[in-house]
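I opened a fresh page for this structure and meant to go from the whole to the parts. My plan was to look at the surface, then the order of elements, then the strands, the core and one loop residue.

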Amino acid sequence: MAGKFELYTDKAGEFRFRLKAGNGEIILASEGYKQRASAENGIESVKKNAPDDARFERKETDAGNYRFNLKSTNGQVIGTSESYKSASGRDNGIESVKKNAPDARVEDMTA
C-alpha cells in the first residue's frame, strides 16, 4: 500500500498534515498552520524536497533518541519525524519519506 498525507485540524483549530507509510505508521508530521492553503503548500514542499537527501537534518536528542527534520530550500523545517531508538531506525524513516512522499495522495480529514 502506498503512503498518504492526512490533512487535519488540531484541537487549537490549526491545519496540520502527517505523512503515513503504507503500513499506517506516521513518518513525518508538520507544524500547525493558521491557513489551510499554507498546510497544502507544506505538503507540496514535502513532495518536492523529500527526494533530496541534503534536505534532511539528522538529530540526536538529549535523551539519546534520534529524529530528523525535512527542510525546504530556504532552510525552514517543513516536517519532523517521530522519535527513534536508533540511528538506523531514523535513517530507515528518512528512506521511507523519500520513497512515500513524492507520489503520496492527500486525504482531507478536515470536513
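**Entry 1, the whole.** I began with the surface of this predicted model, and I noted that the accessible surface of the protein comes to about 6,200 Å², of which 44% belongs to carbon and sulfur atoms. I then looked up burial and found that 41% of the 111 residues count as buried. Along the principal axes, the C-alpha trace spans about 35 × 30 × 25 Å.

**Entry 2, the order of elements.** I counted two helices and seven strands in the protein, and I wrote down their order from the N terminus on as β-β-β-α-β-β-β-α-β. The radius of gyration is 13 Å, close to the 13 Å that the globule rule gives for 111 residues, so the protein is as compact as a globular protein of that length. I also looked at contacts between residues at least 6 apart in sequence, and 44% of these join residues at least 24 apart.

**Entry 3, strands β1 to β3.** In which sense do β1 and β2 pair? I found that strand β1, residues 4-9, pairs with β2 in the antiparallel sense over six bridges, and that Lys4 stands opposite Lys20 in β2. The hairpin of β1 and β2 has five residues between the strands, and I noted that Gly13 there takes a positive phi near 85°.

On following the chain further, I saw that β2 also pairs in the antiparallel sense with strand β3, residues 26-29, over three bridges. Here Arg18 stands opposite Ala29, while Leu19 stands opposite Leu28. These two strands form a hairpin with five residues between them, and Gly24 in the turn has a positive phi of about 90°.

Why can I call β2 largely enclosed by the rest of the structure? Five of the six residues of this strand, residues 15-20, are buried, so the description follows from that count.

**Entry 4, the core.** I reminded myself that in soluble globular proteins nonpolar side chains tend to be buried together. The largest nonpolar core here has 23 residues, and of these Phe5, Leu19, Val46 and Val97 touch the most other members. The elements that give two or more residues to this core are β1, β2, β3, α1 (36-49), β5 (66-71) and α2 (87-100). I picked Val46 for a closer look and, leaving aside its neighbours within four places in sequence, I found it in contact with Phe5, Phe17, Leu28, Leu70, Ile78 and Ala101.

**Entry 5, a loop residue.** I finished with Ser72, which is found in the loop between β5 and β6 (77-80). Is Ser72 buried or exposed? Its relative accessibility is 11%, and because the cut-off for buried is under 20%, Ser72 counts as buried. I noted that the side chain of Ser72 makes a polar contact with the side chain of Asn74, at 2.4 Å. Leaving aside neighbours within four places in sequence, Ser72 is in contact with Ser45, Asn49, Arg55 and Ile78. Ile78 is thus a residue I had already written down among the contacts of Val46.

Key
Residues numbered from 1 in each chain as written. Predicted model: local features only at pLDDT ≥ 70, side-chain atom pairs only at ≥ 80, totals over all residues. Heavy atoms only, no water. Buried < 20%, exposed > 50% of the residue type's maximum accessible area, 1.4 Å probe, protein only. Pairing = 2+ DSSP bridges. Core = buried A, V, L, I, M, F, W, Y, C linked by side-chain atoms within 4.5 Å. Contact = heavy atoms within 4.5 Å. Rg over C-alpha atoms; globule rule 2.2 N^0.38 Å. Areas by Shrake-Rupley, 256 points an atom, 1.4 Å probe, with all protein chains shown as cover. Polar contact = N/O pair within 3.5 Å; in protein donor to acceptor, adjacent residues only side chain to side chain.
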